[in-house]
Amino acid sequence: MSASSRSAFRLAVFCLSSGAVLGACSKAPEEPKFDHGMKKPLVRKLREDLAETPCDKAKAQQLAQLLLDTGDTQGLARATDTFTERCGPNIVLLQLAYTAHARAGEKEQALKAATGLVTAQPENASYHVWRGLSLEALARTEEAAADYQKAFDLQPGQRPILNALVKSYDALGKPCEALAAYQRFVENAKPSEAKSAEVQSQLRERASRTSCPAQETAPSDAGAKPEAAAKP
């Protein structure tokens, strides 16, 4: 038996023999299997503090940032879930969890975090885009299109949202919906965007190869109303 194993064994025996008299043994969080390197002492300290005050938002967010920085996506997911169960959703924790899972290619976990953000702030266009990206990564294109459409309804003058929405409609074989999105974008975007050669070219091309009786393409010199993007 190694020295570390003997030490762990002695600690276990000590805790069991002490019973309820010593609460410290049961309160200390288990050592994570993930190697946090030089951040390990701080991670452990924050976990110990949160065991005592589980709804301390500042410490929970600090721990989550450390877990993200060290690449511990599973630890971050557990920390976020634990905080949410005990204290309710926290936007910063969910943002960090989404970022970690998206970077790691953990599609289902990223979708879970994005859904939590949408539930917490349903009028935030960015969170619908994030969930749309997660759904798209899972080949759930129709659901992704619905989230992109919601984001576009909230911010119809944003080119990145338009691009994501049109891409999903093209993948679903819905040319009329894609054309309608371009038409609406022209009506709401900044003039420089609405009159750009690329946008006008897309309008003409899509209108020429699409038969949509209920839709009429917007004139190329249509005015546009600028709209500020919502911040996450």
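At what angle do helix α6 and helix α8 pack, and how far apart are their axes? Helix α6 (residues 91-104) packs against α8 at about 30°, and the two axes lie 12 Å apart. That makes α6 roughly parallel to α8, a label for angles under 35 degrees, while over 145 is roughly antiparallel, 65 to 115 is roughly perpendicular and the rest is oblique. The axes here are lines fitted to C-alpha atoms, for helices over the stretch in contact, with angles running from 0 to 180 degrees between N-to-C directions.

Before going on, a word on what you are looking at. This is a predicted model, where local features need pLDDT of at least 70, side-chain atom pairs count only at pLDDT 80 or more, and totals for chains, interfaces and linings use all residues. Residues are numbered from 1 along each chain as its sequence is written, and side-chain values use heavy atoms, leaving out hydrogens and water.

**The whole chain**

The chain has 13 helices and zero strands; helices (H or I, at least four residues) and strands (E, at least two) are DSSP runs, numbered from the N terminus. Of its 232 residues, 36% are buried, meaning under 20% relative accessible area, with exposed being over 50% and partly exposed in between (1.4 Å probe, protein chains only). The chain exposes about 13,100 Å², and carbon and sulfur atoms supply 55% of that. Take the contacts (heavy atoms within 4.5 Å) between residues at least 6 apart in sequence: 55% of them join residues at least 24 apart.

**Helix α8 and its partners**

Back to α6 and α8: α6 passes α8 in a left-handed crossing, which is when the near helix is turned anticlockwise from the far one by less than a right angle (clockwise would be right-handed). Ile91, Gln95 and Tyr98 of α6 make the contact with Tyr127, Trp130, Leu133 and Ser134 of α8.

Next comes α9 (residues 141-154), whose axis comes within 8 Å of that of α8 (residues 125-137), crossing at roughly 165°. That makes α8 roughly antiparallel to α9. This crossing is left-handed too. On the α8 side, the residues that meet α9 include Ala125, His128, Val129 and Leu133; on the α9 side, Asp147, Tyr148 and Ala151 are among them.

How do the two contacts divide by residue class? Ala, Val, Leu, Ile, Met, Phe, Trp, Tyr, Cys and Pro count as nonpolar, Asp, Glu, Lys and Arg as charged, and the others, Gly among them, as polar.

| Contact | Nonpolar | Polar | Charged |
|---|---|---|---|
| α6 with α8 | five residues | two residues | no residues |
| α8 with α9 | eight residues | two residues | five residues |

**A few residues to look up**

Histidine 128 sits in helix α8. Is it buried or exposed? Histidine 128 is buried, because its relative accessible area is 5%. Not counting residues up to four places away in sequence, histidine 128 touches Val118, Pro122, Asp147, Lys150, Ala151 and Leu154.

Now follow α8 out into the loop that leads to α9, where you'll find alanine 139. At 63% relative accessibility, alanine 139 counts as exposed. Its phi is near 65°, a positive value in a residue other than glycine.

Elsewhere, cysteine 55 lies in the loop between α3 (40-52) and α4 (57-70), and at 42% relative accessibility it counts as partly exposed. Cysteine 55 and cysteine 87 are 32 residues apart in sequence, yet their C-alpha atoms are 5.6 Å apart in space. Leaving aside residues up to four places away in sequence, cysteine 55 touches Phe83, Arg86 and Cys87.

Notes:
Areas by Shrake-Rupley, 256 points an atom, 1.4 Å probe, with all protein chains shown as cover.
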